[in-house]
Amino acid sequence: MLSRRNALRAAVVGGATAVGAVAMAPTAAQAAPGDEGWVSVLDHGAVGDGVADDTTKIQAALNAATGTVPHKSVYFPPGRVFRVSEEISLTGYANATIAGNGATLALTGAKPTASHISTVLRLTDVREVTIEDLTIRDTDRTQVYNGLLLAQANRCAIRGVRVINVRYTGISVFDDPPGASDDVLITGCVIEGTRQGISVNGRDIRIIGNHVAMDWWSTDEAKRGPWQPSSDYYDGINVLAGSDRTVVSGNTITDCGQSGIYTQSLRNLVVADNTVTGCVLRGIEIDGQRKHLEKPSDNVPEAQKLRAHGVAITGNTLLDNFGNINILYATDVTITGNRVHNKRESTCIALNRGTHHAVVVGNHCRQDDPTRPAIWVKPVETVNDTVIPGATAATVAWNNVEAAVDWYAPADAVIMQRTGNAEISTVGTIKATGKMLAAGGIGVGNSATASRPGTVIRKVEVFSSTGASLGFIPIYNSIT
């Protein structure tokens, strides 16, 4: 059996023979209109001069690509601008590529459509399809269109696609009901000036290394006053209800009308190594409940509320958003290693209502607002005889906080921090604020030399999982 290294070496040594024996299929970058396996939009009458309406010609090319067995890939010559006026679509496409090569689909004089129903380029029931290096631009914003939408997509990739100024979602992988799309990669894309940047609700969706910029602060809308619900600009990346095993990593998100990254009730989400700056609302918001369950007056039993389950938020940089990390109705949440700088009247990290089993560890929080805590854990509240749940089973530990108010938390939250200088000793100490929950006891050893055997330094009170006191445990000096 060849090792991986030997296999690579064998491939290098035998490369000339292999190429000589087998005719290699051209890549998208190498393809020419007449190559076998490719359909050029020019062959079906498209002009690409930015003036002629090429909608029906491009649709004809797509139809021709699906009319062969196997399906052919679609070729757009580089640098051309293809004017379109309504939706272009493909259904049942498989094992092929739509290669933009830097060409542009320019939505101009768009035909009327119901709000966000139409899409410039829509692909449905597709398998092992790649869309790459294509620009989609709305030139006049007269109608509400999406840019690129995939539905019922499996093992597909969207690479290097640019969507500019469409009035709804730039790139979407969306099914109704959710979860039909599986194993889709969205990477290296640029979305600017859209209402929502990227939205997904499938399984195993990876949103990696994209740039989403709404530039809301520079819009005429922003110049007229504060953000309004009628805005054309909302969230940067949306992971919607029903999503499972989603990765949002290495993206740059700037100046969104609402949140940089917004998620709903889902399972197994990783949000890692993103940079989110200047958003009007949250940097990252995990909102595990439906909108109609948000009102306290709804009085829905806690067990019936939807939740986000299994969320990891790690290694992100969040600067100057209105509330940088906000968690609502989420269970099993880990927030670790993030850099958060907040200049506005809100918190850096908030464990909000309905959050359960959340850990906030090792983050750097710089809070410029002197009146609000850097880290906030919501207590239970009663409003008009309705109990509003707080955050439960929360642990806040070992965060580097620069703030006038470090944190605010109910008594049953576990707060651990180091104070003082140098070694952890009588000068530099470890403190625990709030209850420490333990099952079967807790042991603590000290390295300081005992002044005499059996000296008790201090006592720690231990609580059960229900909050009942189990008594005090003495902590002794070690004996050398």
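## Briefing: backbone outliers, core and parallel strands

D215 has a relative accessible area of 35%, so this residue counts as partly exposed. The model is predicted. Its features below fall under three topics: unusual backbone geometry, the nonpolar core, and the pairing around strand 24.

**Positive phi**

- Most residues other than glycine have a negative phi.
- D215 departs from that sign, with phi near 55° in a residue other than glycine.
- D215 sits in the loop between strand 17 (211–213) and helix 4 (220–224).
- D204 also has a positive phi, near 55°, and is likewise not a glycine.
- D204 belongs to strand 16, which covers residues 203–208.
- The relative accessibility of D204 is 25%; partly exposed runs from 20% to 50%, so D204 is partly exposed.

**Cis peptide bonds**

- Most peptide bonds are trans.
- The bond from V69 to P70 is cis, with omega near 0°.
- P70 is placed in the loop that links helix 3 (55–66) and strand 3 (73–75).
- The bond from D176 to P177 is cis as well, with omega near 5°.
- P177 falls in the loop between strand 12 (169–173) and strand 13 (182–187).

**Nonpolar core**

- The largest nonpolar core holds 93 residues.
- Within this core, I58, F76, L123 and I186 touch the most other members.
- Strand 8 (residues 119–132) is the top contributor to this core, giving six residues.
- Leaving out residues up to four places away in sequence, F76 touches V41, I58, F82, I98, A99, G100, N101, A103, L105 and L134.
- In soluble globular proteins, nonpolar side chains tend to be buried together.

**Strand 24 and its partners**

- Strand 24 spans residues 284–287.
- I284 and I286 point one way from strand 24, while E285 and D287 point the other way.
- All four of these residues are buried, E285 and D287 included.
- Strand 21 (residues 261–263) runs parallel to strand 24, and three bridges join them.
- In that pairing, Y262 has E285 as its bridge partner.
- Strand 27 (residues 325–328) also runs parallel to strand 24, with four bridges between them.
- Here I284 of strand 24 stands opposite I325 of strand 27.

Technical notes
Residues are numbered from 1 along each chain as its sequence is written. This is a predicted model: local features need pLDDT of at least 70, side-chain atom pairs count only at pLDDT 80 or more; totals for chains, interfaces and linings use all residues. Side-chain values use heavy atoms; hydrogens and water are left out. A nonpolar core is a set of buried Ala, Val, Leu, Ile, Met, Phe, Trp, Tyr and Cys residues joined through side-chain atoms within 4.5 Å. Buried means under 20% relative accessible area, exposed over 50%, partly exposed in between (1.4 Å probe, protein chains only). Helices (H or I, at least four residues) and strands (E, at least two) are DSSP runs, numbered from the N terminus. Contact means heavy atoms within 4.5 Å. Two strands pair if DSSP finds at least two bridges between them.
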